[in-house]
Amino acid sequence: MGYMCWSSEIAYSGGMARFAADVPTRGGFSFDLCQRNEMLLKKGNQLPTFRKTGTTIVGLVFEDGVILGADTRATEGPIVADKNCEKIHYMAPNIYCCGAGTAADTEAVTDMVSSQLQLHRYATGRESRVVTALTLLKSHLFSYQGHVSAALVLGGVDITGPHLHTVYPHGSTDTLPFATMGSGSLAAMAIFESKFREGLTGQTEYLRNHQLPNPRTYVSSRGYNFLKGHTEVLSTKITPLKSKVEAAAEVDEMEE
Amino acid sequence: MALRGNWMYENNGGTCVAIAGADYCVIAADTRLSVGYSIYTRDYSKICKLADKCVMASSGFQGDLKALQKNLAAKHLIYQHQHNKQMSCPAMAQLLSNTLYYKRFFPYYTFNILGGLDSDEKGCVFTYDAVGSYERVGYSAHGTGAGLIIPVLDNQLKSPSPLLLPAKDAVTPLSEMEAVDLVKDVFASATERDIYTGDKVEILVINASGIRQELMELRKD
């Protein structure tokens, strides 16, 4: 692509493609497509919808560590898309991160920073620190100017002690003794504000589906029959597939 | 109502279902009242008994529903004074349609289902849109969970769907017990996937001996 632009610059001097080779990329958010998106919206095209986790995520610092909690419902508008999804993401053996907002964004950003932390561990030979994860997350989110819609509660214990941070989609962070994010954050914060105190004790474990407070209330004992004939078949066409496998040619084995 | 500009309506969520049988009618609605992501109350009845053998359930804007129920009750009272009898279900159906269309240009934001027994003591269900278009059917559902429920009813109720031609007698051959079991199961399933449906479901069964009411618990999340 760069090559083509070079030749065009030489062939038609002046006025032609000036975007290519001479200006080095500066990083940060590329606003190239924003104008085109706006034009499409005006024309009436709708952006495809994202799946948002209508969520409650919380974190709390106690005596020797950090507790993170999250619900397991993922919604697409008014419909429950996933009844039991995992919102607490692994970052490092000593760091975990809860994610609210667009599900794809929280997954992608936590996976990416988790990999970066692992590489950093190999390079430094040390356990990852929570502030490292924090800086990697915030600089990524800031460079995307809030378009990566991930609101995170990051918590972990490292050599410097237990840490808890909130990270907002635009890249700002807070360091807190207790935090809540997501659409359920107000209700959760009400509980924290009334009951939190310093010096609580606890132990480290991963309690997946710690509580299943709302089981399904009724299951029909009759069961369901989906008999043939309930749905009208308009036409049937059966195409037998002939076997297309020919005898495999002699192949050299890979050498050990 | 958030008075942004002049938007006068609000959707309070919820689902209602009705099934007509040979000699009974089952009508049900959940009891959750919500606005946005909040629940106002878990104990709100969306069902109204209009006449001895005629019951209405609606989803949509509950403010308009209250007004509509009052309106119909008043009209029914006048009818009783003038005719010395209760309104039959098909008569009430026509009255509801006229009442809704009267407000064609500032509609009642309610999606109604009327259920009961007709003059031959056979189950009947009438389904409406917001401005009064109605049809007698074998079963119906309205509200936020309707999209999840109607395909199941289409499949399970061996009653002729209103989509089939030629139009057949619109009742299901299922027994009363089976229909109630189906309604309970269908509500439990809709509750799993619709955030606006849940808490409790109020089930009314209308048959020759009168109206029987049942309350079943649903998921509260």
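Chain B has an average pLDDT of 91, and 93% of its residues score at least 70. The structure is a predicted model, for which the ipTM is 0.71 and the pTM is 0.73.

Two residues, one in each of chains A and B, were examined in their surroundings. In chain A, the UniProt record, an unreviewed entry, assigns the feature "active site" to Thr55(A). Thr55(A) is located in the loop that connects strand S1 (52-53) with strand S2 (57-61) of chain A. The relative accessibility of Thr55(A) is 1%, and this residue is therefore classed as buried, since the class comprises values under 20%.

When residues up to four places away in sequence are disregarded, the contacts of Thr55(A) include Asp71(A), Lys87(A), Gly99(A) and Ala100(A). Met181(A), Gly182(A), Ser183(A) and Gly184(A) are likewise touched by Thr55(A). With Lys87(A), a polar contact is also formed: the side chains of Thr55(A) and Lys87(A) are paired at 3.0 Å.

In chain B, Ser34(B) occupies a position within strand S3, which spans residues 33-35. Ser34(B) has a relative accessibility of 2% and is therefore also assigned to the buried class. Outside the residues up to four places away in sequence, Ser34(B) is in contact with Asn11(B), Asn12(B) and Gly13(B), as well as with Ile39(B), Tyr40(B) and Tyr196(B).

In summary, Thr55(A) is a buried residue placed in a loop between two strands, whereas Ser34(B) is a buried residue placed within a strand.

Technical notes
Residues numbered from 1 in each chain as written. Chains lettered and ligands numbered in written order. Predicted model: local features only at pLDDT ≥ 70, side-chain atom pairs only at ≥ 80, totals over all residues. Heavy atoms only, no water. Helix = DSSP H or I, 4+ residues; strand = E, 2+ residues; numbered from the N terminus. Buried < 20%, exposed > 50% of the residue type's maximum accessible area, 1.4 Å probe, protein only. Contact = heavy atoms within 4.5 Å. pLDDT = per-residue confidence, 0-100. UniProt positions renumbered as here; feature names shortened; annotations may be inferred. Polar contact = N/O pair within 3.5 Å; in protein donor to acceptor, adjacent residues only side chain to side chain.
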